[in-house]
Amino acid sequence: MELDDLKNTWQNETNAGSQNNLTTLIIDKMTKEKYYSKIKKIAYPEIIGSSICVIAAGFVALSFNRFDTIVLQSVAVVAIIVLLAISVFSILSLQRLNMKKDINKTYAETLKTFATQKLAFYKLQKINIILCYLLMVTIIILLPKLFGDKNITQYKYFWLFASGTGYSFLLFYSKFVSKFYKKTLQQTEDLLLELPQ
Amino acid sequence: MHKNILLKNCDFFYIMETNKISDNQKLKLVDKKERFIAAIKENECFIYKIASVYTNNIEDKNDVVQEILYQLWKSFDSFNQKSSLNTWMYRVALNVAVYQLKVFKKTIPTLPLVDHASHHAETNNNDQEDNWKILRQQIDALNLLDKGIVLLYLEDKSYEEIATIVGITKTNVATKLSRIKEKLKTQIHKNL
């Protein structure tokens with residue numbers, strides 16, 4: 001069996017598909033509103049996540065006077081920057097999804113844009129993981145001061161638990177992400193090479 | 001007469017839209033809508049099949065169909081007649097399907113693809129069903145560029161039309177198709 005033999009299968013599917021699924025009314029409705037858009041489904045969790053990051057950054061900023069040493073103050077500044085950066089990245093990736101599509105381009109040009117954006121997205125994911133590691137460290141250092149203003153050196157079990165759990169989770173997460181993206185990343189790079197320059 | 005039928009079929013927003021403009025503009029809009037609907041009906045099957053091939057479940061498929069129609073309508077005025085209307089529609093449909101991939105990759109698949117299974121069950125044609133499965137498997141294994149070329153080839157488009165839609169040379173189309181055919185031949189024989 002070859003591709004030409006399968007052409008009939010494709011054509012038959014065409015004939016079978018002519019069941020007037022699209023009525024005038026449906027076509028008209030579809031051109032008016034995005035009633036079935038998935039972007040909204042993605043947007044809500046991203047917006048909630050970004051809002052949490054901004055609130056957390058605000059909370060750390062408001063508690064700034066609790067950090068009495070230069071080290072703690074520097075860590076707090078880093079935590080605020082990281083939290084804001086994560087929310088900005090999230091909003092940027094959402095904006096990219098909502099970006100105006102130039103659908104009149106050729107298919108190859110669209111693929112080039114798609115592949116380039118995909119590679120940029122993976123880079124952003126890598127940065128996000130690094131930021132998460134950094135955030136974990138800063139939050140663990142700031143946490144005892146934020147809740148109760150206690151001396152963290154007294155709580156060795158807290159340290160052990162917080163760093164152990166946080167690190168294991170991030171290690172597992174980063175391994176999963178890189179394994180998941182490795183194949184797709186390679187395919188995307190190959191696709192870019194195949195496209196006319 | 002025609003105008004009345006169309007207005008009867010259209011929703012409230014459409015009537016509101018047409019009420020804001022002059023009678024002449026209304027007629028033009030109705031005429032545009034009529035041409036658009038006729039063009040969509042002509043290419044309905046391809047739009048549905050593109051949506052099927054680029055997605056993994058019915059929900060995503062419907063999303064792609066809707067997005068294709070939405071984008072086609074939005075750009076219907078900008079169609080510059082450098083190519084035929086059908087060629088332009090094929091290009092837009094393929095482009096939208098690729099753009100939608102970005103959205104789907106961020107969501108978790110919810111349902112397996114069942115539309116074709118149920119569709120074929122209705123037609124009681126097991127051979128067609130098996131062949132469709134083979135075809136889908138082979139198409140899914142291709143990269144996005146090859147996938148687009150094969151879909152247009154299956155639609156009986158000439159090498160020249162494929163080259164126009166995809167944006168590569170005619171010679172390139174021929175070379176790629178020959179390689180794809182060879183690759184698929186080996187894969188299909190391996191799977192049978």
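Helices (H or I, at least four residues) and strands (E, at least two) are DSSP runs, numbered from the N terminus. This is a predicted model: local features need pLDDT of at least 70, side-chain atom pairs count only at pLDDT 80 or more, and totals for chains, interfaces and linings use all residues. Residues are numbered from 1 along each chain as its sequence is written, while chains are lettered from A and ligands numbered from 1 in the order in which they are written.

**Exercise 1. Give the helix and strand content of chain B and of chain A.**

Step 1. Take chain B. It has 10 helices and 0 strands. Along the sequence the pattern reads α-α-α-α-α-α-α-α-α-α.

Step 2. Take chain A. It has 6 helices and 0 strands. Its pattern is α-α-α-α-α-α.

**Exercise 2. State the buried share and the contact range of each chain.**

Step 1. Fix the burial cut-offs. A residue is buried if 20 or more other C-beta atoms lie within 10 Å of its own, exposed if 12 or fewer, and partly exposed in between; C-beta atoms are placed from the backbone.

Step 2. Apply them. In chain A, 16% of the 197 residues count as buried. In chain B, buried residues make up 33% of the 192 residues.

Step 3. Turn to contacts. Two residues are in contact if their C-beta atoms, placed from the backbone, lie within 7 Å. Consider contacts in chain A between residues at least 6 apart in sequence: 83% join residues at least 24 apart. In chain B, residues 24 or more positions apart account for 66% of the contacts with a separation of 6 or more.

**Exercise 3. Describe how α5(A) packs against α6(A).**

Step 1. Choose the descriptors. Two packed helices are described by the angle between their axes and the distance between the axes. Axes are lines fitted to C-alpha atoms, for helices over the stretch in contact, and angles run from 0 to 180 degrees between N-to-C directions.

Step 2. Read the geometry. The axes of α5 (residues 107-146) and α6 (residues 156-194) of chain A come within 10 Å and cross at roughly 170°.

Step 3. Classify the angle. Under 35 degrees counts as roughly parallel, over 145 as roughly antiparallel, 65 to 115 as roughly perpendicular and the rest as oblique. α5(A) and α6(A) are therefore roughly antiparallel to each other.

Step 4. Inspect the contact. Residues of α5(A) that make it include Leu111(A), Tyr122(A), Ile129(A) and Met136(A). From α6(A) come, among them, Gly166(A), Leu170(A), Val177(A) and Leu185(A).

Step 5. Sort by class. Ala, Val, Leu, Ile, Met, Phe, Trp, Tyr, Cys and Pro count as nonpolar, Asp, Glu, Lys and Arg as charged, and the others, Gly among them, as polar. The contact of α5(A) with α6(A) has 16 nonpolar, 5 polar and 2 charged residues.

**Exercise 4. Locate the largest nonpolar core and its most connected members.**

Step 1. Define the set. A nonpolar core is a set of buried Ala, Val, Leu, Ile, Met, Phe, Trp, Tyr and Cys residues joined through C-beta atoms within 7 Å.

Step 2. Find the hubs. The largest core has 48 residues; Ile50(B), Ile68(B), Ala93(B) and Ala97(B) touch the most other members. Helix α5 (residues 85-104) of chain B gives the most to this core, with 10 residues.

Step 3. Follow one hub. Not counting residues up to four places away in sequence, Ala93(B) touches Phe46(B), Ile47(B), Ile50(B) and Ile68(B).

Step 4. Look elsewhere. Apart from that core lies another, of 12 residues, among them Cys53(A), Val75(A), Val82(A) and Leu142(A).

**Exercise 5. Assign Asp156(B) and Lys33(B) as buried or exposed.**

Step 1. Asp156(B) sits in the loop between α8 (144-154) and α9 (159-166) of chain B. Asp156(B) is exposed, because it has 11 other C-beta atoms within 10 Å. Its phi is positive, about 70°, although it is not a glycine.

Step 2. Lys33(B) lies in helix α3 (residues 23-53) of chain B. Lys33(B) has 23 other C-beta atoms within 10 Å, so it is buried.

**Exercise 6. Judge the confidence in chain B.**

Step 1. pLDDT is the predictor's confidence in each residue, from 0 to 100. Chain B has a mean of 76, and 74% of its residues reach 70 or more.

Step 2. Within chain B, helix α1 (residues 2-9) is lowest, at a mean of 37, and α9(B) is highest, at 93.

Step 3. Mark the weak stretches. pLDDT stays under 50 over residues 1-13 of chain B and over residues 107-123 of chain B. Where pLDDT is low, the predicted coordinates should not be read in detail.
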